[in-house]
Amino acid sequence: MGCLNNVFNMALSKIKTPKLTVVGAGPGDADLITLKAIKTLESADVILYDALVNEALLSYANKNTECIFVGKRKGCYAYHQDQINELIVLKAKAKGHVVRLKGGDPFIFGRGAEELDYVRPFGLETAVVPGITSASAVPAYQGIPLTKRGASESFWVVTATTKNHSLSEDVALAAQSTATVVILMGMHKLSEIVKVFTAADKKDVAVAIIQNGTRVDEKIGIGTISTIEYIVKEKQLSSPAIIIVGDVVKERAILDNVYQEVEKV
């Protein structure tokens with residue numbers, strides 16, 4: 001009887017508790033990930049990762065970890081959101097610990113909260129590991145502070161595209177303020193964004209658009225509301241990119257001058 005109990009207990013110990021951890025991978029540079037996120041990847045049985053995640057991060061996973069791409073590129077979906085939700089539950093029940101690896105911070109336009117809400121009724125344990133958001137890290141890499149005394153006292157972070165694929169009304173509200181405005185998912189709405197800021201008498205305000213921020217293939221264009229569309233065409237900028245509107249963009253020129261002076265020494 002004792003032997004049977006031992007076998008039963010060993011079998012139970014091998015059954016892993018189904019769990020979902022939503023993890024922020026940072027903005028693109030593989031070094032911009034937290035130690036907690038790395039430890040979580042090391043403990044994963046399954047990793048479901050998005051298109052904006054640097055795939056070098058998958059090297060932290062165990063060799064037996066199943067890694068599944070569930071992102072979208074250029075409008076092509078590997079999985080739709082409802083399919084991802086179902087896949088999380090399926091894999092967690094079958095294998096144990098599922099890590100949902102998302103670019104940036106999963107709670108900033110990342111649907112992390114939606115996925116956690118979906119899985120809880122299925123009895124999954126849940127956890128979150130925040131990530132460094134592109135909204136602040138990408139401008140910082142280019143020497144653009146979102147706030148600076150005398151230039152900007154606050155900043156807005158807005159998604160340009162709503163669930164209905166229309167321009168968010170918050171863009172117009174942000175354009176009325178003196179704050180720095182950071183717009184995510186806005187490249188396909190750039191013409192509309194320019195019209196909104198022009199209507200708010202902001203046509204001469206500085207703008208930066210940064211594509212593939214913090215990555216080796218990063219590209220940047222700097223202009224004003226009235227010139228930025230021309231600059232985007234000239235430099236062939238496209239998604240994924242963030243748009244920064246405000247006087248703080250001028251700080252990058254100051255940083256460039258510092259670099260040039262250092263190189264002369």
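Phe109, with a relative accessibility of 42%, counts as partly exposed, and in this predicted model the residue stands out for its backbone as well, since its phi is positive, at about 55 degrees, although Phe109 is not a glycine. Its place is in the loop between strand 6 and helix 4, the latter spanning residues 112-119. Most residues other than glycine have a negative phi.

A second residue with this kind of backbone is Thr214, which is not a glycine either and has a positive phi of about 75 degrees. Thr214 is found in the loop that runs between strand 10 (206-211) and strand 11 (219-224). Thr214 is buried, because its relative accessible area of 6% falls under the 20% cut-off for that class, whereas Phe109 at 42% is partly exposed.

Another backbone feature concerns a peptide bond. Most peptide bonds are trans. The bond from Ser239 to Pro240, however, is cis, with omega near 0 degrees, and Pro240 lies in the loop between helix 8 (228-235) and strand 12 (241-245).

These loops belong to a chain that has 9 helices and 12 strands. Of its 265 residues, 46% are buried, and among the contacts with a separation of 6 or more, 65% are accounted for by residues 24 or more positions apart. The accessible surface of the chain comes to about 14800 Å², and carbon and sulfur atoms hold 54% of that area.

Helix 2, made up of residues 35-42, shows how burial is arranged on one element. Its buried residues are Ala37, Ile38, Thr40 and Leu41; seen down the helix axis, they fall within an arc of 160 degrees, and therefore line one face of helix 2. On the other side of this helix, Leu35, Lys36 and Lys39 are exposed. The buried residues of helix 2 pack against four strands, namely strand 1 (19-24), strand 2 (46-49), strand 6 (97-102) and strand 7 (125-129), and strand 6 is also the element that precedes the loop holding Phe109.

Elsewhere in the model, the second largest pocket encloses about 170 Å³ of space. Of the 15 residues that line this pocket, Thr178, Ala179, Val205, Gly246 and Asp247 are the closest to its centre. Helix 6 (170-175) and strand 9 (180-184) each contribute at least two residues to the lining, and by residue class the lining of the second largest pocket divides into 8 nonpolar, 5 polar and 2 charged residues.

Note on methods:
Residues are numbered from 1 along each chain as its sequence is written. This is a predicted model: local features need pLDDT of at least 70, side-chain atom pairs count only at pLDDT 80 or more; totals for chains, interfaces and linings use all residues. Side-chain values use heavy atoms; hydrogens and water are left out. Buried means under 20% relative accessible area, exposed over 50%, partly exposed in between (1.4 Å probe, protein chains only). Contact means heavy atoms within 4.5 Å. Accessible areas come from the Shrake-Rupley method with a 1.4 Å probe; for residues, only the protein chains shown count as cover. On a 1 Å grid over the protein atoms alone, a cavity is a set of points where a 1.4 Å probe fits but cannot get out, and a pocket is an open set with protein on both sides within 12 Å along at least five of seven lines; lining residues have an atom within 4 Å of a point. Grid points are joined across faces, edges and corners, and a volume is the space filled by probe spheres set on the points. Ala, Val, Leu, Ile, Met, Phe, Trp, Tyr, Cys and Pro count as nonpolar, Asp, Glu, Lys and Arg as charged, and the others, Gly among them, as polar. The arc is that of the directions from the helix axis to the C-beta atoms.
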